[in-house]
Amino acid sequence: MGVVTDPIANMLVQVKNACTAQHTSVDVPLSQMKMAIAKILHREGYVRGFQLVNRGRALRIRLKYDEYRHSVLSGVKRISKPGRRVYAGKDELGRVLDGIGLAIISTSQGIITDEEARQRGVGGEVICHVW
């Protein structure tokens with residue numbers, strides 16, 4: 001396997017593909033950023049949970065489905081990429097699908113949702129949109 005140039009995009013695609021294939025969970029290599037994103041996805045109700053596996057080297061994300069076996073997570077989009085970073089000030093944070101989705105923002109106060117960033121009055125790097 002080659003070098004992954006964008007591990008965050010890789011994680012998001014793995015989660016989305018696992019949801020499409022109706023897997024119960026997906027394992028991704030661990031990083032602090034991925035752990036923070038998983039915490040937000042869990043807190044906001046997009047995944048059932050997550051845990052460390054493979055002696056703490058990987059993150060297992062447990063996927064969430066509704067009563068009809070449809071994935072709760074219907075889409076993800078990487079916004080800021082290694083080749084093109086995207087930043088938004090506190091006044092430039094738009095709503096994802098008119099508030100149906102959320103944006104995950106990397107700020108000086110940590111990795112938080114767009115709603116939290118608006119409440120705290122901070123901007124930052126727009127990592128991804130989730131809906």
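Leu97 sits in the loop that links β5 (87-88) to β6 (102-107). In this predicted model, the phi of Leu97 is near 50°, a positive value in a residue other than glycine. Most residues other than glycine have a negative phi, which makes this loop a good place to pause. As for its surroundings, Leu97 is partly exposed, because its relative accessible area of 48% falls between the limits of 20% and 50%.

Arg69 also deserves a look. This residue belongs to the loop between β3 (58-63) and β4 (76-78), and its phi is positive, at about 65°, although Arg69 is not a glycine. With a relative accessible area of 38%, Arg69 is partly exposed. Its side chain has a partner too: Arg69 lies over the face of Tyr65, at 4.5 Å from the ring centre. Aromatic pairs, on the other hand, number 0 in the structure.

Here are the positive phi values side by side, with a glycine added.

| Residue | Phi | Place |
|---|---|---|
| Gly45 | about 85° | just after α2 |
| Arg69 | about 65° | loop between β3 (58-63) and β4 (76-78) |
| Leu97 | near 50° | loop between β5 (87-88) and β6 (102-107) |

Gly45 brings us to the helix before it. Helix α2 covers residues 32-43, 12 residues in total, and spans 17 Å from its first C-alpha to its last, close to the 16 Å expected at 1.5 Å a residue. Buried residues in α2 are Lys34, Met35, Ala36, Ile37, Ala38, Ile40 and Leu41. In an α-helix there are 3.6 residues a turn, so residues three or four places apart point the same way.

Notes:
Residues numbered from 1 in each chain as written. Predicted model: local features only at pLDDT ≥ 70, side-chain atom pairs only at ≥ 80, totals over all residues. Heavy atoms only, no water. Phe/Tyr/Trp six-rings, centres within 6.5 Å; stacked < 30°, edge-to-face > 60°. Lys NZ or Arg CZ within 6 Å of the ring centre and 35° of its normal. Helix = DSSP H or I, 4+ residues; strand = E, 2+ residues; numbered from the N terminus. Expected span 1.5 Å × (residues − 1). Buried < 20%, exposed > 50% of the residue type's maximum accessible area, 1.4 Å probe, protein only.
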